[in-house]
Amino acid sequence: MAKPQDNRGSASSAANGNAGRRRRILLGALVFFFGVAVLAGGAFFLFRQWFTGNPRFALRRIELHAHGYFQNNAEELRKILQLEYRRDNLFSLDLAKLRGKVQAIPCVRNCELVRILPDTLRVRISERIPRALLGNPASTWMVDEEGIILNRHQAMPISGTLPVIAGVRPETGFVAGKKLPELASALDLLMRSIRNFPDLAPVLFDVKNPDELQVTFRFQGRRAYRVKFPAAAKNYDYLLLHLQQALINAEATGETRTNINLLFEGTLVFQ
């Protein structure tokens, strides 16, 4: 009768083999991760030596492209960004953070920052264009077409005369960079006049009545007309065209009245 085969020795050998394989795998993983750490540390050291710690890439110049307040004003921009020549390294600069600082300047509409090797930061700035004065012709405060408040002394200089928007009474006073949504209708009508109806030059907007917009125009650079528009109208182009044609006819026929009402569903009435 055959004796049963003893498998304890073979089982023990298999267990020992599996344990050895696990140890080898673990040791291989440790060696791999140690190698990755060494490579990462070496890469960081080399990057610092070659780039962020290299005096060749120290900031020495800001190349500023701007038309307006910041034109030829790179030194003020450097101070705003808190940059120091020969101290700050070009590769250590956080361009996204610096761009955020530039965008926070009230007169700036948009900007772009680019590293130019070996030592120059190029900055392109697009500035907001002042479109109207707030309160009176001598006011310090202006707005662009989006209703953003600008300080007259820290914004694009404007040749010529800007129209005035009267009747604005902000609760906390005027603050550069703040938006005035209540001026949306007045600025919409203003920009449509500028772009599409150059013969109708707005001189004064009165926005104190929320239901109507009173605008004084100078027609073809001569006579002034005071016109009432509905607030928040969706057809300002049509109303301005209607007004322009009426003023052409009025001057041809010798009409002397200069107050005009456009509140009655687009019907124009001289008063």
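**Exercise 1. Asn72 and Ala232**

Where in the chain is Asn72 placed, and is Asn72 buried or exposed?

Solution. Step 1: Asn72 is in the loop between S1 and H2. Helices (H or I, at least four residues) and strands (E, at least two) are DSSP runs, numbered from the N terminus. This is a predicted model, in which local features need pLDDT of at least 70 and side-chain atom pairs count only at pLDDT 80 or more, while totals for chains, interfaces and linings use all residues. Residues are numbered from 1 along each chain as its sequence is written, and side-chain values use heavy atoms, with hydrogens and water left out.

Step 2: the relative accessible area of Asn72 is 78%, so Asn72 is exposed. The cut-offs are under 20% for buried and over 50% for exposed, with partly exposed in between (1.4 Å probe, protein chains only).

Step 3: Asn72 is a residue other than glycine, yet its phi is positive, near 60 degrees. Most residues other than glycine have a negative phi, and most peptide bonds are trans.

Step 4: Ala232 is not a glycine either, and has a positive phi of about 60 degrees. Ala232 sits in the loop between S10 and H5, and is exposed at a relative accessible area of 54%.

**Exercise 2. The strands S1, S2 and S3**

In which sense does S1 pair with S3, and in which sense does S2 pair with S3?

Solution. Step 1: two strands pair if DSSP finds at least two bridges between them. S1 and S3 (residues 120–127) are parallel, with six bridges. In this pairing, Ala66 is opposite Ile125 in S3.

Step 2: S2 (residues 108–116) and S3 are antiparallel, with eight bridges. Ile116 has Thr120 in S3 as its bridge partner.

Step 3: S2 is joined to S3 by a hairpin through three residues. Pro118 is in the loop between S2 and S3. The peptide bond from Leu117 to Pro118 is cis, with omega about 10 degrees.

**Exercise 3. Two aromatic pairs**

How many aromatic pairs does the structure hold?

Solution. Step 1: there are five aromatic pairs. Rings of Phe, Tyr and Trp (its six-membered ring) pair if their centres lie within 6.5 Å; planes under 30 degrees apart count as stacked, over 60 as edge-to-face and the rest as tilted.

Step 2: Phe57 and Phe91 have ring centres 5.1 Å apart and planes at 80 degrees, so this pair is edge-to-face. Phe57 is in the loop between H1 (8–52) and S1 (61–66), and Phe91 in the loop between H2 (74–81) and H3 (95–103), 34 residues apart. Phe57 is buried at 10% relative accessibility, whereas Phe91 is partly exposed at 24%.

Step 3: Trp141 and Phe174 form a tilted pair, with 6.3 Å between the centres and 50 degrees between the planes. Trp141 is in S5 (residues 141–143) and Phe174 in the loop between S7 (164–166) and H4 (184–196), so the pair ties together parts 33 residues apart in sequence. Trp141 is partly exposed, at 21%. Phe174 is also partly exposed, at 21% relative accessibility.

**Exercise 4. The surroundings of Asn151**

Which residues does Asn151 touch, not counting those up to four places away in sequence?

Solution. Step 1: Asn151 is in S6 (residues 149–151), and counts as buried at 16% relative accessibility.

Step 2: contact means heavy atoms within 4.5 Å. With residues up to four places away in sequence not counted, Asn151 touches Thr140, Trp141, Met142 and Ala176.

**Exercise 5. The strands S10, S11 and S12**

Which strands pair in the parallel sense with three bridges, and which in the antiparallel sense with three bridges?

Solution. Step 1: S10 (residues 224–230) and S11 (residues 259–264) are the parallel pair. Val227 is opposite Ile260 in S11.

Step 2: S11 and S12 (residues 267–270) are the antiparallel pair. Phe264 is opposite Thr267 in S12.

Step 3: the hairpin of S11 and S12 has two residues between the strands, and Glu265 takes a positive phi near 55 degrees there.
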